[in-house]
Amino acid sequence: MQVLKFGGTSVANAVNIQRVSAIVKEILKKDKAIIVVSAFGGITDTLIQSGELASSMDESYKEKLQIVEQRHLEAVKALLPVAQQSSILSWVKRSCNEIEDICNGIFLLGELSARTKDRIVSYGELMSSQIISAYLNATGITNTWKDAREIIVTDSNFGYAAVDFTATNKKINRYFSETAGSVFIIPGFVSANATGTTTTLGRGGSDYTAAILAAGVDAGSLEIWTDVSGMMTADPRLVLNVKHIPNISYQEAMELSHFGAKVIYPPTIQPVMSKKIPVWIKNTFAPGDYGTVIENDAKENGNIIRGISSINKIVLLSLEGSGMVGIPGFSKRLFEAMALEKINVIIITQSSYEHSICVGIEESFSEKAKQAVDRAFAYEIESGKVDPLIIEKNLSIVALVGDHMKSHTGVSGRMFGSLGRNGVNIRAIAQGSSERNISAVIASEDVKKAINVLHEEFFETTYKQINLFVAGVGNVGGRLLAQIEQQKEYLEHHLRLQVRVVGMANSKKMLFNDEGIELKNWKDLLSQGEPMNLQKFIDIIRSKNLRNAVFADVTANNKLAECYDQLLQKAISVVACNKVACSSAYSYYKKLKDLAREYKAPFLFETNVGAGLPVIGTLNDLMRSGDKINKIQAVLSGTLNFVFNNYNGEKTFADVVKQAQEEGYTEPDPRLDLGGADVMRKIMILARESGGQLEMEEIENKSFMPPSCMEGSVDDFYSEMAKHENHFKKIYDEAAKTNRKLKFVADYENGKASVGLQHIDSKHDLYHLYGKDNVVLFYTDRYTEQPLVIKGAGAGAEVTASGVFADIIRTASV
């Protein structure tokens with residue numbers, strides 16, 4: 001004998017029921033079968049709504065009942081030949097009249113008891129099973145319909161009745177041994193107490209019905225037919241790249257179902273586990289798929305973890321007080337108080353010094369629990385020995401499940417470490433002595449992120465995914481997006497890394513797509529985005545709460561730099577091409593560095609100094625390895641180096657500066673470069689990364705620009721430079737007559753910094769510096785006579801974009 005159960009979606013309509021018929025025909029080629037069916041999809045909810053509306057004296061319950069009747073009558077007419085419809089149509093009509101009579105009584109009384117609700121909802125399975133039985137008979141599958149209430153005996157706990165297995169198994173054995181036939185159709189979910197009053201086995205109880213029958217007849221297998229092809233490593237509604245679980249143990253399946261996996265009803269496993277009956281989870285809509293088999297000894301799949309699950313709408317109840325320490329019986333009284341109110345405890349934690357005990361329950365029972373516990377501890381609360389029960393809401397539980405966790409060290413560390421790196425705060429932790437399950441209570445808003453983080457940590461052998469937000473998609477930002485698209489395959493193949501751009505913005509528009517923005521068409525997509533609002537942009541990034549989130553600022557926007565702290569506080573890594581934050585007040589710079597450490601969210605800004613040159617990274621490596629920076633000397637402006645390498649008096653100084661701007665070497669306003677402000681920012685950032693606490697006003701700027709050039713608009717700037725050509729020619733001539741070159745040099749030594757033009761002779765490391773190159777000389781305790789030299793292109797959109805890209809990739813290794 002084999003037992004099959006078909007769920008609500010599998011029998012939702014006539015087309016689906018025809019699929020069920022085809023599956024049953026194939027199954028019967030192997031052995032006799034018991035077929036357990038649920039109510040048509042959505043009918044149970046509609047019946048409950050009808051009863052509740054009636055109890056509220058709302059006559060719209062009649063409309064709900066009409067929907068129920070119509071769906072069943074339509075199913076009969078669609079499935080059965082006209083000549084065979086009469087008896088079943090009469091049965092359905094009679095059943096619907098009975099439901100209406102019950103609801104009329106509820107309406108008059110204004111009361112819906114648990115017993116009456118069980119009676120109402122039982123009609124869903126009774127009608128669906130009768131219709132399916134009639135249809136199978138009509139298609140040549142001769143079957144016997146049997147009312148489950150005649151063979152499954154329970155107590156009178158209406159709504160969630162407990163099965164009397166001794167009485168039930170006797171009835172099952174007697175019926176199936178005395179009744180001939182190869183196919184039996186039985187309504188799921190419904191049962192009856194010892195007096196024959198209708199009870200139910202709890203929502204999802206049709207699975208349980210099938211398991212009870214399978215155990216009762218010693219079936220060869222139990223098959224649960226649903227709308228998914230077995231169990232998955234996580235909820236596919238939350239994780240896109242879930243993996244199929246082909247084999248799983250009874251214990252693992254029970255843990256996953258207890259912690260929210262919806263594929264199988266939690267009590268289902270118990271009856272079949274004792275008899276080692278394999279349970280298959282199969283897909284009605286893809287019957288050829290392998291599915292999942294739940295058995296005593298599941299095959300290893302190479303993973304420590306079998307699956308990840310979650311329960312939402314949880315509250316934590318905390319009982320605390322100094323009067324609890326060393327006094328036995330507090331836990332007993334707490335659990336007793338909740339047991340009397342029929343409140344199920346999902347998770348338990350207790351401090352080692354007995355000052356507090358914390359339990360997790362369903363949110364719907366929170367107020368009931370508080371009243372019960374405060375009443376049970378009224379004396380201790382009044383005397384100050386115990387505090388009133390504390391309730392924390394808006395929580396969920398995430399759980400790792402796997403039989404093999406107990407034989408592997410470090411699983412908990414990986415779980416909590418990955419959650420911590422992504423800013424998921426853990427409120428409570430529980431792990432059973434079997435080490436089959438590790439559970440953590442977290443904020444409900446973090447569930448999707450947490451499950452994706454854990455799935456990536458324990459199941460992703462292909463790649464790690466970075467969710468990237470980019471602000472600024474102009475010259476540098478546009479090149480960055482092009483490089484990300486170009487390197488997509490390389491990153492996935494060599495680094496197992498996927499960089500997915502999920503948000504972008506310019507000064508006018510912003511665009512988001514959690515599935516990733518198509519980078520080949522990003523300009524058109526962004527043009528159709530919503531109007532840009534800076535704070536809204538930041539708020540949306542925070543609210544999305546994506547794992548491995550990185551924010552790249554490729555702007556020079558002051559206001560945007562002021563938002564970095566909001567991002568870091570949500571464990572969103574910040575990659576800044578924008579120099580504003582690191583060159584602002586030291587207090588803000590330090591705040592950002594501290595937040596990055598606190599929330600384990602990298603704050604990287606390599607391109608703040610030297611574009612794509614590894615200046616800051618090298619400096620950090622020197623410091624981390626114990627070296628001390630004694631002096632820094634650098635040419636940090638690719639713009640100024642380009643200008644003085646190309647100016648010899650033959651072309652005007654203004655023309656050379658204009659050339660530099662046209663070739664993309666300058667800031668949008670070239671005065672930021674020529675006035676020395678940009679170099680001041682860079683040397684200050686290097687000084688701070690070396691351990692100094694410099695502020696901008698402490699840096700000496702020996703400017704070579706006439707004051708009038710620094711006033712007015714950019715056009716005025718060029719006009720004034722033309723007027724002062726003799727000034728610039730004189731500066732050049734003074735250096736040239738001694739065979740020296742002009743370099744705009746930044747110096748930092750003994751806590752002091754300065755910037756300005758210097759005459760550099762041919763023996764100096766700064767002399768042979770061409771085009772737009774930058775150079776940084778680090779004089780340290782280890783590099784005394786010869787400095788550590790970093791030299792290369794210090795400006796240009798392509799190299800700057802590559803520096804930002806490198807920082808983005810670097811966040812993945814933290």
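Student: Let's start with charge. How far apart are the mean positions of the 89 positive and 96 negative charges of the chain?

Tutor: Those two mean positions lie 3 Å apart. Keep in mind as we talk that this is a predicted model.

Student: What makes you call the chain more spread out than a compact globule?

Tutor: Let's first see what it is built from: the chain holds 29 helices and 32 strands. For its 814 residues the globule rule gives 28 Å, but the radius of gyration is 36 Å, well over that value, so the chain is more spread out than a compact globule. The C-alpha trace spans about 120 × 70 × 55 Å along its principal axes.

Student: How much of the chain counts as buried, and how much surface is accessible?

Tutor: Of the 814 residues, 52% count as buried. The accessible surface comes to about 35000 Å², and carbon and sulfur atoms account for 48% of that. As for contacts between residues at least 6 apart in sequence, 71% join residues at least 24 apart.

Student: Now a single residue. Why is Lys579 called buried?

Tutor: Buried means under 20% relative accessible area. Lys579 has 11%, so Lys579 is buried. You will find Lys579 in the loop between β25 (573-576) and α21 (586-598).

Student: Which residues does Lys579 touch, not counting those up to four places away in sequence?

Tutor: Lys579 touches Asn608, Glu667, Asp678, Arg681, Lys682 and Ile685.

Student: Why is strand β19 described as largely enclosed by the rest of the structure?

Tutor: Strand β19 covers residues 437-443, and 6 of its 7 residues are buried, so β19 is largely enclosed.

Student: Which strands pair with β19, and in what sense?

Tutor: Strand β17 (residues 390-401) runs antiparallel to β19 and is joined to β19 by 7 bridges. Within that pairing, Ser396 has Ile442 of β19 as its bridge partner. Strand β18 (residues 426-431) also pairs with β19 in the antiparallel sense, over 5 bridges. There, Gln431 has Ile438 as its partner in β19.

Student: What makes β3 and β11 edge strands?

Tutor: Look at their sheet: it is open, has 8 strands in the order β3-β5-β2-β1-β8-β12-β13-β11, and its pairing is mixed. Both β3 (144-145) and β11 (247-249) have a single partner strand, so one side of each is left without a neighbour in the sheet.

Student: How do you know that the pairing in this sheet is mixed?

Tutor: Compare some pairs. Strands β2 (residues 33-37) and β5 (residues 183-187) are parallel, with 5 bridges, and Val36 stands opposite Ile186 of β5. Strand β11 is also parallel to strand β13 (residues 292-295), with 3 bridges, and here Ile248 stands opposite Ile294. By contrast, strand β12 (residues 279-283) runs antiparallel to β13, joined by 3 bridges, with Ile281 partnered by Thr292 of β13.

Student: Which strands are at the edges of the sheet β23-β22-β21-β20-β24-β25-β26?

Tutor: That open sheet has 7 strands with mixed pairing. Its edge strands are β23 (530-531) and β26 (603-604), as each pairs on one side only.

Student: What is the sense of the pairing between β20 and β24?

Tutor: Strand β20 (residues 464-471) and strand β24 (residues 549-553) are parallel, over 5 bridges. In this pair, Val470 stands opposite Ala552 of β24.

Technical notes
Residues numbered from 1 in each chain as written. Predicted model: local features only at pLDDT ≥ 70, side-chain atom pairs only at ≥ 80, totals over all residues. Heavy atoms only, no water. Buried < 20%, exposed > 50% of the residue type's maximum accessible area, 1.4 Å probe, protein only. Helix = DSSP H or I, 4+ residues; strand = E, 2+ residues; numbered from the N terminus. Pairing = 2+ DSSP bridges. Rg over C-alpha atoms; globule rule 2.2 N^0.38 Å. Contact = heavy atoms within 4.5 Å. Areas by Shrake-Rupley, 256 points an atom, 1.4 Å probe, with all protein chains shown as cover. Lys, Arg positive; Asp, Glu negative; His and termini not counted. Charge placed at Lys NZ, Arg CZ, Asp CG, Glu CD.
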